[in-house]
Amino acid sequence: MTRGDSPEKELAAIKGTKDILPGEVESWQRLESVARRTFELYGYRELRAPIFEATELFEKGTGRTSDVVTKEMYTFTDKAGRSLTLRPEYTPSVVRAIIEHRLDLQPEPMRYYYMGPMFRYDKPQKGRYRQFHQVDVEVFGEKDAAVDAELIEMAHSLLARLNISATDTLVNSVGCRACRPAYGRALREAARKKMAVLCLDCQRKVETNPLRIFDCKLEACRRAAESFPLILDHLCEECREHFKALLGWLDLLRIRYRVEPRLVRGLDYYTKTTFEIVSGSLGAQNSLLGGGRYDDMMKDFGGPDICGTGFAMGMERVLSVAALAPEKRKVLYLAYLGEQAKKAGMELGRFFRRNDVECLIEFKDRGMKAHFGRANKLQAAWVLIVGEDELRKARFGLKEMATGRQVEGTREELLATLQGR
Ligand code: HAM
């Protein structure tokens, strides 16, 4: 610590990261359990991969021309001199895990979900963090556009369960390796004509991957991109049919969407379907979730030729628009009076907890008034009174805080009362 720095500053959380404190964490838990339940209804199972991976995995998967890889990765060299990266996204990790464990040979459908932290070194702002959390789902081995539609429908169902409305669903197709090269050439040609107005970054993208110009948020580049040819006009027969089928499925499911022909999404691996759900109440970082199809990644990693599709949802962003009322906890506060009652209280606490009653004992010798003051402050639902008298009779007092109702009984009788029997 240098002189003048306050200790708090020195030890503060790193910029772009956040503590999730009690009071807030309950909404996260609710989101996690709603998401888990939703995915299970569609046949997904959880797959947990490590937080860091070989840097090459993301270079190959996320893509060498993506902003995520070129600018935003948390890359470090470990003690063995290996380049490792804190995962900026989850998709390449799942694909690696499938290949490594030959999950494609298992009888279960390859539908996976995961929730956890991701890391991107970008300028922090509202809705954009350096450690953020995603809920991610991936399906493998399903070529049919119906599964892309099912994913979008599942995303809607999840958002509805979270009471999130007023969203827009954007869909597009970015073609495949058969149709994209010709489109890339047409795009490059158009972009070269606008070179003078493009930012330095986009000027570079003209040569490396002109599709990435559509990711640029700068007004001048966006305006220039408006005159560029659109991928939808350059799709091959197969991609056109796939996209038509997707829209047909969305219509069948009565899902409102908007075709957004410039929705290329910032990652290099997409083929055919891309989609995003955005929220008007989020400001600049308005994407709640995004995803699409990536039919070549597994093959490109040296694995079997199995297609993939999925999406990831930003948990911070969802929580900032979701109206999640945390469940009210029902805590029993155990008020003991004296040393003997403290010992008996420990036993009683164990009894109630083993019977699924949340029971809090604070090991501070208090008088009855102080106990009740504290129980009030903690918003305890009940107070269990354990004094010497109660101990002698093996009958205890139980007070319901909201009504003031007080009953007396053995621990078994009180348990029945607490359980509403
Ligand atoms: P992505 O669009 O990069 O896609 O991220 C998905 C979501 O993560 C975004 O819509 C946003 O809600 C959230 N997000 C991204 N970056 C940040 C950040 N810095 N701070 C807060 N939230 C953020 C992917 O990651 C792909 N892996 C999705 C996918 C899965 N595609 C196919 N399968």
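**Core packing and the ligand site**

In this predicted model, Met313 touches a wide set of residues beyond its neighbours within four places in sequence. Its contacts are Leu31, His133, Gln134, Val135, Leu158, Leu159, Leu162, Leu288, Leu289 and Val318.

Met313 also belongs to the largest nonpolar core, which has 92 residues. Met313 is among the residues with the most contacts inside this core. The others are Phe39, Tyr44, Phe140, Leu162, Phe228 and Phe311. Helix H6, spanning residues 145-161, supplies the largest share of the core, with nine residues. A second core is separate and has 19 residues. Ala341, Phe351, Val357 and Ala381 are included in this second core.

The ligand is surrounded by 26 residues. Of these, Glu89, Glu138, Arg265, Tyr270 and Ser287 come nearest. Several polar contacts can be listed by residue. A polar side-chain atom of Glu89 sits 2.5 Å from a ligand nitrogen atom. For Tyr269, an N or O atom of the side chain is 3.2 Å from a nitrogen atom of the ligand. In the case of Ser287, a side-chain N or O atom lies 2.8 Å from an oxygen atom of the ligand.

The ligand exposes 660 Å² when taken alone, and the protein buries 94% of that area. Strands E6 (131-140), E10 (287-293) and E11 (308-314) are the elements that give two or more residues to the surrounding shell. E10 gives the most, with six residues. By class, the shell holds ten nonpolar, nine polar and seven charged residues.

Conventions. Residues are numbered from 1 along each chain as its sequence is written. This is a predicted model: local features need pLDDT of at least 70, side-chain atom pairs count only at pLDDT 80 or more; totals for chains, interfaces and linings use all residues. Side-chain values use heavy atoms; hydrogens and water are left out. A nonpolar core is a set of buried Ala, Val, Leu, Ile, Met, Phe, Trp, Tyr and Cys residues joined through side-chain atoms within 4.5 Å. Buried means under 20% relative accessible area, exposed over 50%, partly exposed in between (1.4 Å probe, protein chains only). Helices (H or I, at least four residues) and strands (E, at least two) are DSSP runs, numbered from the N terminus. Contact means heavy atoms within 4.5 Å. A residue is near a molecule or strand if one of its heavy atoms lies within 4 Å of it. A polar contact is a pair of N or O atoms within 3.5 Å; within protein, one must be able to donate a hydrogen and the other to accept it, and residues adjacent in sequence count only if both atoms are side-chain atoms. Accessible areas come from the Shrake-Rupley method with a 1.4 Å probe; for residues, only the protein chains shown count as cover. Ala, Val, Leu, Ile, Met, Phe, Trp, Tyr, Cys and Pro count as nonpolar, Asp, Glu, Lys and Arg as charged, and the others, Gly among them, as polar.
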